[in-house]
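Thanks for passing this one along. Here are some notes to read with the structure open beside you.

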Amino acid sequence: MPRVSVLLPSYNAASYVDAAIESVQRQTFGDWELVAVDDASTDATASRLDAHASSRIHVHRNAQNLGMTGNWNRCLSLASGELVLKLDADDALKPTALERLVSAFEGDVAAAGIRTLSCDESLDPFDGIPGDDLMMRNGIDPYRDTTLPGDRWYGIAANGGQLWASSAFMVRRDLLTRLGGWDERFGCASDTEMMWRVMEQGTPIAHRGTVGNLYRIRPGSVSDVYRAQGWLTWEAVVGNLLSLSRVRTKRPLSRSLRMHYVRLWKQWHDAPSRPLPEAICGKLEDVMARIPPPPKLDVAMTRLRDGVSAA
(Lines give C-alpha, C1' and ligand atoms only; values in the text may rest on other atoms or scores of the structure.)
Protein backbone atom coordinates (compact mmCIF):
# COMPACT_ATOMS: atom_id res chain seq x y z
CA MET A 1 0.00 0.00 0.00
CA PRO A 2 1.54 3.34 -1.03
CA ARG A 3 1.27 6.27 1.35
CA VAL A 4 -0.26 8.51 -1.34
CA SER A 5 -2.58 7.85 -4.28
CA VAL A 6 -2.57 10.66 -6.83
CA LEU A 7 -5.84 10.49 -8.78
CA LEU A 8 -5.68 11.65 -12.40
CA PRO A 9 -9.16 11.72 -13.97
CA SER A 10 -8.77 12.57 -17.65
CA TYR A 11 -11.06 13.48 -20.51
CA ASN A 12 -9.90 14.90 -23.85
CA ALA A 13 -6.71 16.15 -22.22
CA ALA A 14 -4.11 14.71 -24.59
CA SER A 15 -2.26 18.03 -24.74
CA TYR A 16 -1.82 18.23 -20.98
CA VAL A 17 -1.62 14.78 -19.33
CA ASP A 18 2.09 14.34 -20.04
CA ALA A 19 2.93 17.45 -18.02
CA ALA A 20 0.61 16.36 -15.20
CA ILE A 21 2.16 12.88 -14.97
CA GLU A 22 5.71 14.18 -15.26
CA SER A 23 5.05 16.58 -12.38
CA VAL A 24 4.17 13.56 -10.21
CA GLN A 25 7.25 11.67 -11.35
CA ARG A 26 9.42 14.62 -10.27
CA GLN A 27 8.14 14.57 -6.68
CA THR A 28 10.71 14.59 -3.88
CA PHE A 29 8.36 12.28 -1.95
CA GLY A 30 8.59 8.82 -3.45
CA ASP A 31 5.92 6.65 -1.81
CA TRP A 32 3.11 7.23 -4.29
CA GLU A 33 0.97 5.55 -6.91
CA LEU A 34 -0.82 7.34 -9.72
CA VAL A 35 -4.33 6.20 -10.69
CA ALA A 36 -5.17 7.56 -14.14
CA VAL A 37 -8.62 6.95 -15.61
CA ASP A 38 -9.57 8.04 -19.12
CA ASP A 39 -13.27 8.84 -19.28
CA ALA A 40 -13.90 7.55 -22.82
CA SER A 41 -12.03 10.41 -24.47
CA THR A 42 -12.41 11.07 -28.17
CA ASP A 43 -8.84 12.34 -28.60
CA ALA A 44 -5.45 10.72 -27.91
CA THR A 45 -5.71 10.93 -24.11
CA ALA A 46 -5.87 7.14 -23.66
CA SER A 47 -2.74 6.52 -25.72
CA ARG A 48 -0.85 9.27 -23.90
CA LEU A 49 -1.76 7.66 -20.57
CA ASP A 50 -0.79 4.21 -21.85
CA ALA A 51 2.64 5.54 -22.74
CA HIS A 52 3.29 6.21 -19.04
CA ALA A 53 1.82 2.99 -17.62
CA SER A 54 4.09 1.23 -15.15
CA SER A 55 4.05 -0.67 -11.86
CA ARG A 56 3.16 2.55 -10.02
CA ILE A 57 1.23 4.38 -12.76
CA HIS A 58 -2.03 2.47 -13.18
CA VAL A 59 -3.99 3.34 -16.30
CA HIS A 60 -7.68 2.53 -16.74
CA ARG A 61 -10.31 3.45 -19.34
CA ASN A 62 -14.05 3.76 -18.77
CA ALA A 63 -16.19 1.89 -21.29
CA GLN A 64 -18.56 4.85 -21.35
CA ASN A 65 -18.30 8.45 -20.23
CA LEU A 66 -19.13 8.83 -16.53
CA GLY A 67 -18.88 12.61 -16.46
CA MET A 68 -16.39 14.66 -14.53
CA THR A 69 -17.47 13.93 -10.96
CA GLY A 70 -18.32 10.33 -11.73
CA ASN A 71 -14.79 9.80 -13.01
CA TRP A 72 -13.34 11.37 -9.87
CA ASN A 73 -15.15 8.71 -7.84
CA ARG A 74 -14.03 6.01 -10.24
CA CYS A 75 -10.43 7.03 -9.56
CA LEU A 76 -11.08 6.98 -5.82
CA SER A 77 -12.52 3.46 -6.01
CA LEU A 78 -9.27 2.23 -7.61
CA ALA A 79 -6.92 3.92 -5.15
CA SER A 80 -5.11 2.05 -2.39
CA GLY A 81 -3.08 4.77 -0.67
CA GLU A 82 -3.63 6.05 2.85
CA LEU A 83 -3.90 9.60 1.49
CA VAL A 84 -5.42 10.78 -1.79
CA LEU A 85 -4.89 13.88 -3.90
CA LYS A 86 -6.90 14.50 -7.06
CA LEU A 87 -4.83 16.15 -9.77
CA ASP A 88 -6.78 17.61 -12.69
CA ALA A 89 -5.31 16.46 -15.98
CA ASP A 90 -4.45 19.99 -17.09
CA ASP A 91 -2.78 21.01 -13.80
CA ALA A 92 0.66 20.19 -12.41
CA LEU A 93 2.37 19.81 -9.04
CA LYS A 94 5.50 21.56 -7.84
CA PRO A 95 8.24 19.01 -6.98
CA THR A 96 7.86 19.28 -3.19
CA ALA A 97 4.03 19.30 -3.13
CA LEU A 98 3.51 15.72 -1.92
CA GLU A 99 6.36 15.96 0.60
CA ARG A 100 4.95 19.15 2.11
CA LEU A 101 1.39 17.83 2.22
CA VAL A 102 2.26 14.43 3.71
CA SER A 103 4.30 16.11 6.44
CA ALA A 104 1.12 17.83 7.64
CA PHE A 105 -0.60 14.56 8.59
CA GLU A 106 0.33 14.38 12.25
CA GLY A 107 -2.05 13.18 14.95
CA ASP A 108 -5.67 13.39 13.86
CA VAL A 109 -5.21 15.79 10.93
CA ALA A 110 -7.87 14.81 8.40
CA ALA A 111 -6.79 16.81 5.37
CA ALA A 112 -4.19 19.28 4.17
CA GLY A 113 -4.20 22.02 1.55
CA ILE A 114 -1.32 23.76 -0.17
CA ARG A 115 -1.12 27.08 -1.98
CA THR A 116 -1.94 27.34 -5.67
CA LEU A 117 -0.87 29.72 -8.42
CA SER A 118 -3.14 30.46 -11.37
CA CYS A 119 -1.27 29.91 -14.64
CA ASP A 120 -1.76 30.48 -18.34
CA GLU A 121 -1.87 27.66 -20.85
CA SER A 122 1.93 27.36 -20.74
CA LEU A 123 1.80 26.96 -16.93
CA ASP A 124 3.39 30.38 -16.43
CA PRO A 125 1.99 31.78 -13.15
CA PHE A 126 0.24 35.14 -13.16
CA ASP A 127 -1.78 35.25 -9.92
CA GLY A 128 -2.79 33.47 -6.73
CA ILE A 129 -6.31 32.24 -5.99
CA PRO A 130 -9.09 33.85 -3.92
CA GLY A 131 -8.45 31.41 -1.07
CA ASP A 132 -5.30 33.34 -0.13
CA ASP A 133 -7.26 36.59 0.20
CA LEU A 134 -10.01 34.80 2.13
CA MET A 135 -7.49 33.59 4.71
CA MET A 136 -5.95 37.04 5.08
CA ARG A 137 -9.36 38.65 5.63
CA ASN A 138 -9.85 36.22 8.50
CA GLY A 139 -6.52 36.78 10.19
CA ILE A 140 -4.67 33.77 8.75
CA ASP A 141 -1.35 34.22 6.96
CA PRO A 142 -1.60 32.07 3.80
CA TYR A 143 2.20 32.11 3.45
CA ARG A 144 2.75 30.27 6.75
CA ASP A 145 2.01 26.68 7.74
CA THR A 146 -1.13 26.55 9.88
CA THR A 147 -3.16 23.74 11.43
CA LEU A 148 -6.61 24.62 12.76
CA PRO A 149 -9.74 22.73 13.84
CA GLY A 150 -12.12 21.96 11.01
CA ASP A 151 -14.74 24.12 12.71
CA ARG A 152 -12.47 27.16 12.40
CA TRP A 153 -11.85 26.59 8.71
CA TYR A 154 -15.56 25.91 8.21
CA GLY A 155 -16.53 29.21 9.82
CA ILE A 156 -14.47 30.94 7.14
CA ALA A 157 -15.37 28.85 4.10
CA ALA A 158 -19.08 28.35 4.82
CA ASN A 159 -19.79 31.91 3.77
CA GLY A 160 -19.30 30.71 0.21
CA GLY A 161 -15.52 30.49 -0.11
CA GLN A 162 -13.07 27.86 -1.31
CA LEU A 163 -9.78 27.97 0.56
CA TRP A 164 -7.81 25.53 -1.59
CA ALA A 165 -7.87 24.58 -5.24
CA SER A 166 -9.28 21.19 -6.17
CA SER A 167 -5.82 19.80 -7.04
CA ALA A 168 -4.26 21.16 -3.86
CA PHE A 169 -6.28 19.32 -1.20
CA MET A 170 -5.10 15.98 0.20
CA VAL A 171 -7.49 13.86 2.29
CA ARG A 172 -7.30 10.61 4.21
CA ARG A 173 -8.75 8.03 1.84
CA ASP A 174 -10.81 6.23 4.48
CA LEU A 175 -12.46 9.52 5.48
CA LEU A 176 -13.25 10.55 1.91
CA THR A 177 -14.65 7.10 1.17
CA ARG A 178 -16.75 7.14 4.34
CA LEU A 179 -18.14 10.55 3.34
CA GLY A 180 -19.18 9.15 -0.04
CA GLY A 181 -16.48 10.69 -2.21
CA TRP A 182 -17.57 13.57 -4.43
CA ASP A 183 -21.29 14.26 -4.73
CA GLU A 184 -22.18 13.50 -8.35
CA ARG A 185 -25.17 15.81 -8.27
CA PHE A 186 -22.65 18.65 -8.62
CA GLY A 187 -20.21 19.44 -11.39
CA CYS A 188 -17.49 22.04 -10.87
CA ALA A 189 -18.76 22.84 -7.36
CA SER A 190 -18.31 19.25 -6.22
CA ASP A 191 -14.77 19.90 -5.01
CA THR A 192 -15.92 22.84 -2.86
CA GLU A 193 -18.83 20.83 -1.51
CA MET A 194 -16.50 17.94 -0.62
CA MET A 195 -14.18 20.29 1.29
CA TRP A 196 -17.15 21.63 3.27
CA ARG A 197 -18.07 18.05 4.24
CA VAL A 198 -14.52 17.38 5.43
CA MET A 199 -14.50 20.60 7.47
CA GLU A 200 -17.88 19.71 8.97
CA GLN A 201 -16.23 16.80 10.79
CA GLY A 202 -14.43 19.27 13.05
CA THR A 203 -11.12 17.41 12.95
CA PRO A 204 -7.92 19.42 12.29
CA ILE A 205 -7.01 20.50 8.77
CA ALA A 206 -3.55 21.75 7.86
CA HIS A 207 -2.51 24.48 5.44
CA ARG A 208 0.90 24.56 3.81
CA GLY A 209 2.09 28.06 2.94
CA THR A 210 4.38 27.10 0.06
CA VAL A 211 3.14 26.84 -3.53
CA GLY A 212 2.43 23.25 -4.47
CA ASN A 213 -0.14 23.37 -7.28
CA LEU A 214 -0.13 25.07 -10.69
CA TYR A 215 -3.68 25.65 -11.87
CA ARG A 216 -3.95 26.04 -15.62
CA ILE A 217 -6.64 28.48 -16.75
CA ARG A 218 -7.56 27.79 -20.33
CA PRO A 219 -10.49 28.76 -22.55
CA GLY A 220 -12.97 25.96 -23.16
CA SER A 221 -12.13 23.91 -20.09
CA VAL A 222 -15.02 22.54 -18.03
CA SER A 223 -14.43 25.06 -15.24
CA ASP A 224 -14.17 27.90 -17.77
CA VAL A 225 -17.53 26.95 -19.30
CA TYR A 226 -19.21 26.60 -15.90
CA ARG A 227 -18.01 30.05 -14.86
CA ALA A 228 -18.82 31.74 -18.17
CA GLN A 229 -22.36 30.31 -18.26
CA GLY A 230 -23.05 31.07 -14.60
CA TRP A 231 -23.64 27.40 -13.78
CA LEU A 232 -20.95 27.36 -11.11
CA THR A 233 -22.68 30.17 -9.24
CA TRP A 234 -25.90 28.20 -8.88
CA GLU A 235 -24.13 24.97 -7.98
CA ALA A 236 -22.24 26.85 -5.27
CA VAL A 237 -25.48 28.31 -3.88
CA VAL A 238 -27.08 24.88 -3.58
CA GLY A 239 -23.94 23.20 -2.28
CA ASN A 240 -23.51 25.90 0.36
CA LEU A 241 -27.14 25.54 1.48
CA LEU A 242 -26.76 21.76 1.63
CA SER A 243 -23.71 22.03 3.86
CA LEU A 244 -25.26 24.61 6.18
CA SER A 245 -28.44 22.53 6.48
CA ARG A 246 -26.34 19.55 7.62
CA VAL A 247 -24.37 21.54 10.15
CA ARG A 248 -27.40 23.20 11.71
CA THR A 249 -28.77 19.77 12.70
CA LYS A 250 -25.62 19.13 14.75
CA ARG A 251 -24.81 22.50 16.34
CA PRO A 252 -26.07 26.09 16.32
CA LEU A 253 -24.92 28.22 13.41
CA SER A 254 -23.40 31.62 14.06
CA ARG A 255 -25.62 34.61 13.39
CA SER A 256 -23.68 35.48 10.22
CA LEU A 257 -24.08 31.96 8.84
CA ARG A 258 -27.80 31.90 9.68
CA MET A 259 -28.20 35.13 7.74
CA HIS A 260 -26.08 33.73 4.91
CA TYR A 261 -28.45 30.73 4.77
CA VAL A 262 -31.43 33.08 4.41
CA ARG A 263 -29.80 35.07 1.62
CA LEU A 264 -28.81 31.94 -0.29
CA TRP A 265 -32.33 30.56 0.04
CA LYS A 266 -33.76 33.84 -1.25
CA GLN A 267 -31.23 33.96 -4.10
CA TRP A 268 -32.32 30.52 -5.33
CA HIS A 269 -36.08 30.96 -4.91
CA ASP A 270 -36.41 34.59 -5.98
CA ALA A 271 -34.32 34.39 -9.15
CA PRO A 272 -36.59 34.99 -12.17
CA SER A 273 -34.45 32.62 -14.25
CA ARG A 274 -31.36 30.51 -13.92
CA PRO A 275 -29.27 29.82 -17.05
CA LEU A 276 -28.89 26.14 -16.27
CA PRO A 277 -29.11 23.19 -18.67
CA GLU A 278 -31.97 20.86 -17.84
CA ALA A 279 -29.65 18.09 -16.62
CA ILE A 280 -27.88 20.38 -14.14
CA CYS A 281 -31.06 22.11 -13.03
CA GLY A 282 -32.79 18.77 -12.40
CA LYS A 283 -30.02 17.61 -10.08
CA LEU A 284 -29.94 20.88 -8.16
CA GLU A 285 -33.73 20.93 -7.83
CA ASP A 286 -33.49 17.43 -6.38
CA VAL A 287 -30.98 18.63 -3.78
CA MET A 288 -33.06 21.71 -2.94
CA ALA A 289 -36.15 19.57 -2.35
CA ARG A 290 -34.36 18.05 0.66
CA ILE A 291 -33.09 21.30 2.18
CA PRO A 292 -35.40 22.89 4.79
CA PRO A 293 -36.29 26.59 4.54
CA PRO A 294 -34.68 28.98 7.02
CA PRO A 295 -36.54 29.58 10.32
CA LYS A 296 -38.91 32.56 10.27
CA LEU A 297 -36.94 34.25 13.04
CA ASP A 298 -33.78 34.12 10.93
CA VAL A 299 -35.67 35.51 7.94
CA ALA A 300 -36.99 38.41 10.03
CA MET A 301 -33.55 39.10 11.50
CA THR A 302 -31.96 39.14 8.05
CA ARG A 303 -34.59 41.45 6.63
CA LEU A 304 -34.11 43.83 9.53
CA ARG A 305 -30.32 43.80 9.19
CA ASP A 306 -30.42 44.20 5.43
CA GLY A 307 -32.97 47.00 5.75
CA VAL A 308 -30.79 48.88 8.22
CA SER A 309 -27.75 48.44 5.98
CA ALA A 310 -29.66 49.71 2.94
CA ALA A 311 -30.85 52.74 4.85
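1. Secondary structure first: the protein chain has 13 helices and 10 strands. Please keep in mind throughout that this is a predicted model.

2. On overall dimensions, a compact globule of 311 residues would have a radius of gyration near 19 Å, and the protein chain, with 20 Å, agrees with that. The C-alpha trace extends about 60 × 45 × 35 Å along its principal axes.

3. For the interior, 55% of the 311 residues in the protein chain are buried. Taking contacts between residues at least 6 apart in sequence, 79% join residues at least 24 apart.

4. Turning to the surface, the exposed area of the protein chain is about 13,600 Å², and 52% of it comes from carbon and sulfur atoms. The chain carries 36 positive and 38 negative charges, and the mean positions of the two sets lie 7 Å apart.

5. You may enjoy the aromatic pairs, of which the structure holds four. One of them joins tryptophan 72 and tryptophan 182: their ring centres are 5.6 Å apart and their planes meet at 70°, so this pair is edge-to-face. It ties together distant parts of the chain, with tryptophan 72 in helix α3 (residues 68-78) and tryptophan 182 in the loop between α7 (173-178) and α8 (190-200), 110 residues apart. Tryptophan 72 and tryptophan 182 are both buried.

6. Another edge-to-face pair is formed by tryptophan 153 and tryptophan 164, at 5.0 Å from centre to centre and with 65° between the planes. Here tryptophan 153 belongs to helix α6 (residues 150-157), while tryptophan 164 sits in the loop between α6 and β9 (169-172), 11 residues apart. Tryptophan 153 and tryptophan 164 are buried as well. Ring pairs also bring in Phe169, so to speak, giving a cluster of Trp153, Trp164 and Phe169.

7. Two backbone angles deserve a look. Alanine 40 has a phi near 55°, which is positive although the residue is not glycine. Its place is the loop between β2 (32-38) and α2 (45-50).

8. Leucine 123 also has a positive phi, near 65°, and is likewise a residue other than glycine. You will find leucine 123 in the loop between β6 (111-119) and β7 (125-127). Is leucine 123 buried or exposed? Its relative accessibility is 17%, and because buried means under 20%, leucine 123 counts as buried.

Key:
Residues are numbered from 1 along each chain as its sequence is written. This is a predicted model: local features need pLDDT of at least 70, side-chain atom pairs count only at pLDDT 80 or more; totals for chains, interfaces and linings use all residues. Side-chain values use heavy atoms; hydrogens and water are left out. Helices (H or I, at least four residues) and strands (E, at least two) are DSSP runs, numbered from the N terminus. The radius of gyration is taken over C-alpha atoms; the globule rule is 2.2 Å times the number of residues to the power 0.38. Buried means under 20% relative accessible area, exposed over 50%, partly exposed in between (1.4 Å probe, protein chains only). Contact means heavy atoms within 4.5 Å. Accessible areas come from the Shrake-Rupley method with a 1.4 Å probe; for residues, only the protein chains shown count as cover. Lys and Arg count as positive and Asp and Glu as negative; His and the chain ends are not counted. The place of a charge is taken as NZ of Lys, CZ of Arg, CG of Asp or CD of Glu. Rings of Phe, Tyr and Trp (its six-membered ring) pair if their centres lie within 6.5 Å; planes under 30 degrees apart count as stacked, over 60 as edge-to-face and the rest as tilted.
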